[in-house]
Amino acid sequence: MADDTLVQAVSRALDEAPPRNFRETVDLAINLRDLDLNDPSNRVDEGIVLPSGTGQDTTIVVFATGETALRAEDVADQVLGPDDLEDLGDDTDAAKDLADDTDFFVAEANLMQDIGRYLGRVLGPRGKMPTPLQPDDDVVETVNRMKNTVQLRSRDRRTFHTRVGADDMSAEEIADNIDVIVRRLEANLEKGPLNIDSIYVKTTMGPSVEVPA
């Protein structure tokens with residue numbers, strides 16, 4: 001559970017944001033230091049399940065066949081099969097549109113080779129290669145978990161952003177999400193908290209508020 005100082009910082013970000021006639025995303029800006037991000041092994045690239053959810057719709061596409069495809073239809077935004085893969089491989093524009101419109105891809109493990117063949121050049125650079133679904137994995141459980149997942153990806157930049165909620169969520173819910181992200185970062189960075197220079201939270205159009213260390 002997030003501490004009071006973090007909750008207060010989120011409350012400030014929400015309170016100081018000017019009223020809008022649309023639902024705003026709440027974002028986290030993370031500034032790293034003392035890391036050579038030209039070395040790919042130092043880059044941040046992982047999915048994190050947020051305990052309070054993302055506060056936004058997450059688009060998930062599943063590549064599957066048979067029973068798995070049938071079950072996925074109840075929870076995924078789109079279910080595609082081997083024939084669709086070939087079609088996308090022949091239509092780069094359609095493949096790019098699909099990649100840009102989709103947050104996460106899930107695929108049966110036995111389709112991963114074909115996905116690499118037909119879509120690797122489109123999905124790979126975008127960091128959107130599918131999560132492999134093993135034979136014993138429950139596709140419904142996997143998709144539902146990913147609906148509450150955000151991707152932390154720094155690439156070669158010291159400053160990067162991720163979604164942590166929406167402006168109609170409570171400050172406590174958003175703070176709990178931030179707490180999970182910060183703890184994961186501190187655990188995985190080479191020097192832990194020493195590699196984090198500063199963190200700010202803000203709504204889409206609102207002012208930034210620094211998250212206390």
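## Notes on a predicted model: pockets, cores and a few residues

1. Let's begin with a pocket. In this predicted model, the second largest pocket is lined by 17 residues, and those nearest its centre are Val182, Glu186, Val211, Pro212 and Ala213. Its volume comes to about 360 Å³. Helix α7 is the main contributor to this lining, giving 5 residues, while α1, α7 and β9 each supply at least two. Sorted by type, the lining holds 9 nonpolar, 2 polar and 6 charged residues.

2. Now turn to the largest pocket, which encloses about 520 Å³ of space. Its lining is made of 22 residues, and Asp103, Phe104, Lys128, Gln151 and Arg153 are the ones nearest the centre. Look along β5 (104–108), β7 and β8 to find part of this wall, as each of these strands supplies at least two lining residues. The mix here is 7 nonpolar, 7 polar and 8 charged residues.

3. Next, the inside of the protein. What are the residues with the most contacts inside the largest nonpolar core? They are Leu28, Ile178, Ile181 and Leu185, in a core that has 34 residues. Several elements build this core: α1 (4–16), β1 (25–32), β7 (149–153), β8 (159–166), α7 (171–188) and β9 (196–203) each bring at least two residues to it. Helix α7 gives the most, with 7 residues. You met α7 in the first point too, in the lining of the second largest pocket.

4. Ile181 is a good residue to click on. Setting aside residues up to four places away in sequence, Ile181 touches Leu28, Ile30, Ile48, Leu50, Val150, Leu152, Thr162 and Val164. Apart from the largest core there is another one, of 17 residues, which includes Phe63, Leu85, Ile115 and Tyr118.

5. Helix α6 spans residues 139–146, and in this helix Val139, Val140, Thr142, Val143 and Met146 are buried. Why do these residues line one face of the helix? Viewed down the axis of α6, the buried residues fall within an arc of 165°, so they share one face. Among the elements covering them are β3 (60–63), α2 (66–72), β5, β6 (131–133) and β7.

6. One of the residues in β6 is Thr131. Is Thr131 buried or partly exposed? Its relative accessible area is 30%, and since the partly exposed range runs from 20% to 50%, Thr131 counts as partly exposed. Thr131 and Val106 are 25 residues apart along the chain, yet their C-alpha atoms are separated by 4.7 Å. Beyond its neighbours within four places in sequence, Thr131 is in contact with Phe105, Val106, Ala107 and Met146. Met146 is one of the buried residues of α6 from the previous point.

7. Finally, two backbone angles deserve a look. Most residues other than glycine have a negative phi. Asp34 is not a glycine, yet it has a positive phi of about 55°; you will find Asp34 in the loop between β1 and β2 (45–49). Arg155, also not a glycine, has a positive phi of about 50°. Where does Arg155 lie? Its place is the loop between β7 and β8. With a relative accessibility of 34%, Arg155 is partly exposed.

Key. Residues are numbered from 1 along each chain as its sequence is written. This is a predicted model: local features need pLDDT of at least 70, side-chain atom pairs count only at pLDDT 80 or more; totals for chains, interfaces and linings use all residues. Side-chain values use heavy atoms; hydrogens and water are left out. A nonpolar core is a set of buried Ala, Val, Leu, Ile, Met, Phe, Trp, Tyr and Cys residues joined through side-chain atoms within 4.5 Å. Buried means under 20% relative accessible area, exposed over 50%, partly exposed in between (1.4 Å probe, protein chains only). Helices (H or I, at least four residues) and strands (E, at least two) are DSSP runs, numbered from the N terminus. Contact means heavy atoms within 4.5 Å. On a 1 Å grid over the protein atoms alone, a cavity is a set of points where a 1.4 Å probe fits but cannot get out, and a pocket is an open set with protein on both sides within 12 Å along at least five of seven lines; lining residues have an atom within 4 Å of a point. Grid points are joined across faces, edges and corners, and a volume is the space filled by probe spheres set on the points. Ala, Val, Leu, Ile, Met, Phe, Trp, Tyr, Cys and Pro count as nonpolar, Asp, Glu, Lys and Arg as charged, and the others, Gly among them, as polar. The arc is that of the directions from the helix axis to the C-beta atoms.
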